[in-house]
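Reader: Could you take a close look with me at one part of this model, the way its helices pack against each other and against the sheets? I would enjoy a connected walk through it.

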Amino acid sequence: MHQGLKQYLKSWAGENASRVDVADTINRITVGAIELAAEIAAPSADSQSSVIGENTDGDAQKVLDVRADEMFLEAMKGGAVRLYGSEEAELPIEANPDGPLAIAIDPLDGSSNIETNGTVGTIFSILPMSKFGPDSTFGQNGDAQLAAGFVAYGPRTQMFLTLGQGTLLLQLDAEQNDFVVIDGDVKIEQYTNEFAINVSNYRHWDDGIRTYIDDCFDGEEGARGRNFNMRWLASLVADATRIFARGGVFLYPGDIRPGYKEGRLRLVYEAFPLAFLVEQAGGLASTGTVRILDLIPRQLHERIPLIFGSKDEIEHIEKVIADPSTGREKSPLFGNQGLFRK
């Protein structure tokens, strides 16, 4: 029988008070995740995708977005979390005035996939309260994280979790009503021929990103000398799950469209936890020019370009972004044209 998460965390925490608080917070997250998994699977799924408004950053807010947020906030009450910072609220909420921890959370990533029965998820980051006070807590860099993870609600409900000592893969066991450890040391393949990006935005990218994608599409006849495969699921947790399982890279760069120059994914509760997980699994996470975990947020909902995955490929992408001539030097995919260039 696989070891349950509760027992794993109990052994990890021991008598260390700080670890006990982190373990309790993760257990509370699993309570919310188990409840949300049941809600997603409920027969009322048709109404879950109804748009009921916008969050503070202008994204469509659906019924299940709000329900997920309520579940996780409720799970935090009475625990070690003082500040609850969510995608669904403009400002952090005080859950416990005496708590030593803070949580940054995207309660329901990929909610646009609800109506198509696609994989959605929950992404979270656990932080210490800042010694400079509550207002500075979500302004700490990514290396300040004590734990991070995401839950993917798909054919199986799975969690990837890091406590700063590698990356764990867990799966929800209905009989135990707990997540159980499936892999205690997840490693991302260092070398890959697979990438995930929304190619419909090609015309908006800068030359470095377009050069990298052109090289991939050129395949074995091009500068890279090998064929690549593309995937794009429009769900950060779904694409991340695939990368942890078999390698690959995920790219969501900034572009020239209004509101997209600084990227679209959130630094504090999306990029930070993913970067922590990825690095602990031997991969890399970058804006394309800067290590994600080195960044210092200016505010809770800050957006950022995000590129992560297999180490060798991320290093190559960074080189091409720094100097597009590193890549194809306009070597064509079709005659004298690139895939989308005229």
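Author: Happily! Let's start with helix α6 (residues 236–246) and helix α7, whose axes come within 12 Å and cross at roughly 10 degrees. Angles under 35 degrees count as roughly parallel, and α6 and α7 are therefore roughly parallel to each other. Please keep in mind that this is a predicted model. On the α6 side, the contact is made by Leu236, Ala240 and Phe244, while α7 brings in Glu270, Leu274, Leu277 and Val278. Sorted by class, the residues of this contact are six nonpolar, no polar and one charged.

Now follow α7 to its other neighbours. This helix lies across β15 and β17, running at about 20 degrees to β17. Those two strands belong to an open sheet of five strands in the order β12-β11-β13-β17-β15, with mixed pairing. Its edge strands are β12 (229–231) and β15 (284–286), each of which pairs on one side only. From one strand to the next, the twist averages 15 degrees. Within this sheet, strand β11 (residues 194–196) and strand β13 (residues 249–252) pair in the parallel sense over two bridges; Phe195 has Val249 of β13 as its bridge partner. Helix α5 (residues 207–218) also packs on this sheet, where it touches β11, β12, β13 and β17 (306–309), and its direction makes about 140 degrees with that of β11.

There is a second sheet to consider. It is open too, with eight strands in the order β4-β3-β5-β6-β7-β8-β9-β10 and mixed pairing. Here the edges are β4 (93–94) and β10 (178–183), each pairing on one side only. Strand β3 (residues 81–86) pairs with β4 in the antiparallel sense over two bridges, and Tyr84 has Ile93 in β4 as its bridge partner. Helix α4 (residues 63–76) packs on this sheet, touching β3, β4, β5 (101–109), β6 (120–128) and β7 (147–153), with its direction at about 155 degrees to that of β5. And α7 returns here: the helix, residues 267–280, packs on the eight-stranded sheet, touching β3, β5, β6, β7, β8 (157–162) and β9 (167–173), and its direction makes about 100 degrees with that of β7.

One last stop is the largest cavity, which holds about 40 Å³ of space. Its lining consists of Ile197, Asn198, Asn201, Trp205, Trp232, Leu251, Tyr252, Pro253 and Asp255. By class, that makes six nonpolar, two polar and one charged residues.

Conventions: Residues are numbered from 1 along each chain as its sequence is written. This is a predicted model: local features need pLDDT of at least 70, side-chain atom pairs count only at pLDDT 80 or more; totals for chains, interfaces and linings use all residues. Side-chain values use heavy atoms; hydrogens and water are left out. On a 1 Å grid over the protein atoms alone, a cavity is a set of points where a 1.4 Å probe fits but cannot get out, and a pocket is an open set with protein on both sides within 12 Å along at least five of seven lines; lining residues have an atom within 4 Å of a point. Grid points are joined across faces, edges and corners, and a volume is the space filled by probe spheres set on the points. Ala, Val, Leu, Ile, Met, Phe, Trp, Tyr, Cys and Pro count as nonpolar, Asp, Glu, Lys and Arg as charged, and the others, Gly among them, as polar. Two strands pair if DSSP finds at least two bridges between them. Helices (H or I, at least four residues) and strands (E, at least two) are DSSP runs, numbered from the N terminus. Contact means heavy atoms within 4.5 Å. Axes are lines fitted to C-alpha atoms, for helices over the stretch in contact, and angles run from 0 to 180 degrees between N-to-C directions. Angles under 35 degrees count as roughly parallel, over 145 as roughly antiparallel, 65 to 115 as roughly perpendicular and the rest as oblique.
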